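Trainee: Hey, can you walk me through this one? I haven't looked at it before.
Mentor: Sure, pull it up and ask away.

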Amino acid sequence: MKRVEVLLSLAAVVGSAAYLLGSPVVALMATAIMAHYSMARMGFRPNLRVERRLPGRGTEREPLTATVKVENLSGIPGIVRIRELSGEVLAKELKVGVGSGERRYLHQTLVPRSRGRVRLNAEALFEDGLGLFVEKFPVAGAEELTVFPSQRGIREAMKERRQVEALAEAERALGMGAETLEFRELREFLPGDDITRVDWKATSRIQKLILRVFERESMADVYLLVDVDRVFRRELTGEKRDYLILLLSQLVVYFRRFGHSVHVVAYDGGSVVKVLNSVNDPHTLVRELGISDDRGLPVLRPSTGAPSGFGRLLSRIGGSSASGPVKAALKVPSGSYVIFIDDVGIHPVELMKAARVLKRRGSKSVLIYPNPVLFFDRGLLDEKTLEVLYRAYRERKGLVKKVMGWVKVIEVGPGDLLPAVVKRL
């Protein structure tokens, strides 16, 4: 029970006792209590100004210090309590006594609980010296804080992150040809392979992980649908090589090694550029596509994908024309296995349409998605650039979730290449 409630209850009890006993002394005591309450209530006219200054940026789950200025503009002393209401930040409540016209500077420790843009919401409570009355005041200052991932969190995430082997994962996602019991060969273990297939006797002899490979029931046709537009392509930092060339070469070498027939359909934003059947040699593929001399122009911020109202009106008037990904999907025979190599941030809606076309035609598809954020040169990173990259990465993660409803997405970076393929090229 609050002190003011206790005081009013006491006055009521004393007043009732005075009436029952008919005692003027007791009645005088009740009157004195009510007079004290009335005078205190009339004199409680607080005027408080509170301002909190935050550092420009913070780090997830690491403490930062905010400076709080408390100024009592009224003629009454009191106690000021400052508390944080946002659940995204841990903050200890501050309590300080301020005299009439006094100004105080305090330090508050805040610990962000999440990353990104964190909204803050603080309030100040002014309480009179007797603890009878309380009034709320807003806390001026910054309402948002940019919070970056901590280095420790990044290191832990890197330890826990499974290194994606795009080739084996794409094969599993497509469900291509189940293995039989007929032994085929021994080969070196690759990231993404099934650990239960390791031949431990051969491993102990050679001192390297050796895998048992079995024959498959059927060798399927694999169609690589590749975006060759410069907006999609990017270079490996330091290597000055087009990542698309290395990725395509890796895919051709991998699937040809296991007996699959590989076909390539290259497209840009609005058309099919070239169709290559039964590709055997990566060097021939690169030469036929003619992409070795042009430098890519990748974008970080993803597209919304949805056409504007004016664009939808034009498509209704002039008829809808298929985009590059959809036209490429129409080139694939029914019942094939399809691997898109594209950026979900460029034309996500068109990729989903193409996946729907392939599904209706009885084909299985998967999307290998080189995330441009992972290709950014670390030597160019600063606080401002890091904030832009983090915002772009979060936007792309949300976009991937939408696309995943139609096609399996395998996100890859510059580290997801087989060293043997890179060295050979």
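Trainee: Is the crossing where α6 passes α7 left-handed or right-handed?
Mentor: Right-handed, for α6 passing α7. Keep in mind that this is a predicted model.

Trainee: OK, and at what angle do α6 and α7 pack?
Mentor: About 140°, and their axes are 9 Å apart. Helix α6 covers residues 243–257, while α7 covers residues 282–289. Angles over 145 degrees would count as roughly antiparallel, so α6 is oblique to α7.

Trainee: Which residues make that contact?
Mentor: From α6 you've got I245, L248, S249, V252 and V253. On the α7 side, P282, L285, V286 and L289 take part.

Trainee: And what's the mix by class in the contact of α6 with α7?
Mentor: Eight nonpolar residues, one polar and no charged ones.

Trainee: Switching to strands. Why is β9 described as largely enclosed by the rest of the structure?
Mentor: Because seven of the seven residues in β9, which spans residues 122–128, are buried. Buried here means under 20% relative accessible area.

Trainee: Which residues sit on each side of β9?
Mentor: A122, A124, F126 and D128 are on one side, with E123, L125 and E127 on the other. Both faces are covered.

Trainee: Which strand do the seven bridges join to β9?
Mentor: That's β4, residues 78–84, and the two run antiparallel. In that pairing, R83 stands opposite E123, and R81 stands opposite L125.

Trainee: What about β9 and β10, how many bridges there?
Mentor: Five, again with the strands running antiparallel; β10 is residues 134–141. F126 of β9 stands opposite E135 in β10.

Trainee: What's in between, in the hairpin of β9 and β10?
Mentor: Five residues lie between the strands, and G131 takes a positive phi near 75°.

Trainee: Back to β4 for a sec. Which of its side chains are buried?
Mentor: The side chains alternate along β4. G78, V80, I82 and E84 point to one face and are buried. I79, R81 and R83 point to the other face and are not buried. So R83 is not buried, but its opposite number in β9, E123, is buried.

Trainee: How do β4 and β6 pair?
Mentor: In the antiparallel sense, over five bridges, with β6 running over residues 94–98. V80 of β4 stands opposite V96 in β6.

Trainee: Great, that gives me a place to start.

Conventions
Residues numbered from 1 in each chain as written. Predicted model: local features only at pLDDT ≥ 70, side-chain atom pairs only at ≥ 80, totals over all residues. Heavy atoms only, no water. Buried < 20%, exposed > 50% of the residue type's maximum accessible area, 1.4 Å probe, protein only. Helix = DSSP H or I, 4+ residues; strand = E, 2+ residues; numbered from the N terminus. Pairing = 2+ DSSP bridges. Axes fitted to C-alpha atoms, helices over the stretch in contact; angles between N-to-C directions. Parallel < 35°, antiparallel > 145°, perpendicular 65-115°, else oblique. Left-handed = near helix turned anticlockwise from the far one by under 90°. Contact = heavy atoms within 4.5 Å. Nonpolar A, V, L, I, M, F, W, Y, C, P; charged D, E, K, R; others polar.
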